[in-house]
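I opened the model this morning to look up strands, salt bridges, backbone oddities and pockets. My notes follow in the order I made them.

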Amino acid sequence: MKTIVGMLVTLSIIGVVSGGGLAMLSSWADPLIAANKKADTERAIFQVQTEAKSYEKVDALPYECYRVLDATGNDLGYALPWEGNGFQGKIRMMIGVTSDMTTITAIEVLEQVETPGLGTKVTEDPYRKQFENLHAEPQVDWVKGVPPTKENEIQTITGATISSKAVVAIVNDGLLTLRKDMQAGGAQ
């Protein structure tokens, strides 16, 4: 009986100390994580809108979206952080689109947990550059094993078709949502 009580007291002390340590670590790390995430978002805005000099958050939308401006304050388009499911988990990305939302300027993958060496190729230039100045109406489509023949198509990555298609689905979902909200007066 004495041994059991001793074990319970020891385990309780270890649990309290461990929980307290994790809480302290979390309160220290959370602001740093938020600052790094904000810096990544800002960097990605200027990567998907290369002519941009400034940006402002579109407050009228229920999600994160940025209006991007040139040096004279003219509207260049939008930078839209969006996420969806990939092959192994969430893919979070930044989508750059022109003001009329018909052309993608570029994409940038911010976070992903795809298969190393295969699915992670969605972060590499040969795949990402297919989205530069890509016509996005009525939506982005994909082809497998053959070069794209239409102005709104990209080619999937051999061995990473699911991840490739997931990126296309995320882009289409983000743009569809943005278009609907803007038509409903979201950017006023």
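**Entry 1: strand β4 and its neighbours**

I began with the strand pairing. Strand β3 (residues 75-85) runs antiparallel to β4, and nine bridges join the two. I keep in mind throughout that this is a predicted model.

I looked for one register point between β3 and β4. Ala79 faces Gly96 of β4. I then checked the connection. The two strands make a hairpin, with four residues between β3 and β4.

Next I went to the other partner. Strand β5 (residues 103-111) pairs with β4 over six bridges, again in the antiparallel sense. For the register here I noted Met94, whose bridge partner in β5 is Glu108. β4 and β5 also form a hairpin, with four residues between them.

Is β4 enclosed by the rest of the structure, or open? I asked this of residues 90-98. Eight of the nine residues in strand β4 are buried, so the strand is largely enclosed by the rest of the structure. Buried here means under 20% relative accessible area.

**Entry 2: backbone oddities**

I stayed with the β4-β5 turn for a moment. Met101 sits in the loop between β4 and β5. Its phi is near 60°, a positive value in a residue other than glycine. Is Met101 buried or exposed? Met101 has 11% relative accessibility and counts as buried.

I found another positive phi at Asn133. The angle is about 55°, and Asn133 is not a glycine. Asn133 belongs to the loop between α2 (125-128) and β6. Its relative accessibility is 61%, so I put Asn133 down as exposed. I set the two side by side: Met101 is buried, whereas Asn133 is exposed.

Then I looked at the peptide bonds. Which residues does a cis peptide bond join? The bond lies between Glu137 and Pro138, with omega at about -5°. Pro138 is in the loop between β6 (134-135) and β7 (141-143).

**Entry 3: salt bridges**

How many salt bridges does a search of the whole structure find? The search finds seven. I wrote up three of the pairs.

I took Asp40 and Arg43 as my starting pair. Their closest N and O atoms are 3.7 Å apart. Both residues lie in helix α1 (residues 2-48), and the spacing of three residues is about one turn of the helix. I checked exposure on each side. Asp40 is partly exposed at 35% relative accessible area, and Arg43 is partly exposed at 38%.

I moved on to Glu56 and Arg67. Their side chains meet in a salt bridge, 3.9 Å from N to O. This pair links distant parts of the chain: Glu56 is in strand β1 (residues 54-57) and Arg67 is in strand β2 (residues 66-69), eleven residues apart. The exposure classes of the partners interested me here. Glu56 is partly exposed, with a relative accessible area of 40%. Arg67 has 15% relative accessibility; the cut-off for buried is under 20%, so Arg67 counts as buried.

Lys129 and Glu132 came next. Their side chains form a salt bridge of 3.6 Å, N to O. Lys129 is partly exposed at 45% relative accessible area. Glu132 is also partly exposed, at 37%.

I then looked for shared partners. Glu56, Arg67 and Asp75 are joined into one network by salt bridges that share partners.

**Entry 4: the largest pocket**

I closed with a look for open space. How much space lies in the largest pocket? The figure is about 250 Å³. I listed its lining: 14 residues, of which Val48, Gln49, Thr50, Thr105 and Ala106 are the closest to the centre.

Which element gives the most to the lining? That is β5, with four residues. Both α1 and β5 supply at least two lining residues each. So β5 turns up twice in my notes, as a pairing partner of β4 and in the pocket lining.

Last, I sorted the lining by class. I recorded four nonpolar, six polar and four charged residues.

Conventions. Residues are numbered from 1 along each chain as its sequence is written. This is a predicted model: local features need pLDDT of at least 70, side-chain atom pairs count only at pLDDT 80 or more; totals for chains, interfaces and linings use all residues. Side-chain values use heavy atoms; hydrogens and water are left out. Buried means under 20% relative accessible area, exposed over 50%, partly exposed in between (1.4 Å probe, protein chains only). Two strands pair if DSSP finds at least two bridges between them. A salt bridge is a side-chain nitrogen of Lys or Arg within 4 Å of a carboxyl oxygen of Asp or Glu. On a 1 Å grid over the protein atoms alone, a cavity is a set of points where a 1.4 Å probe fits but cannot get out, and a pocket is an open set with protein on both sides within 12 Å along at least five of seven lines; lining residues have an atom within 4 Å of a point. Grid points are joined across faces, edges and corners, and a volume is the space filled by probe spheres set on the points. Ala, Val, Leu, Ile, Met, Phe, Trp, Tyr, Cys and Pro count as nonpolar, Asp, Glu, Lys and Arg as charged, and the others, Gly among them, as polar.
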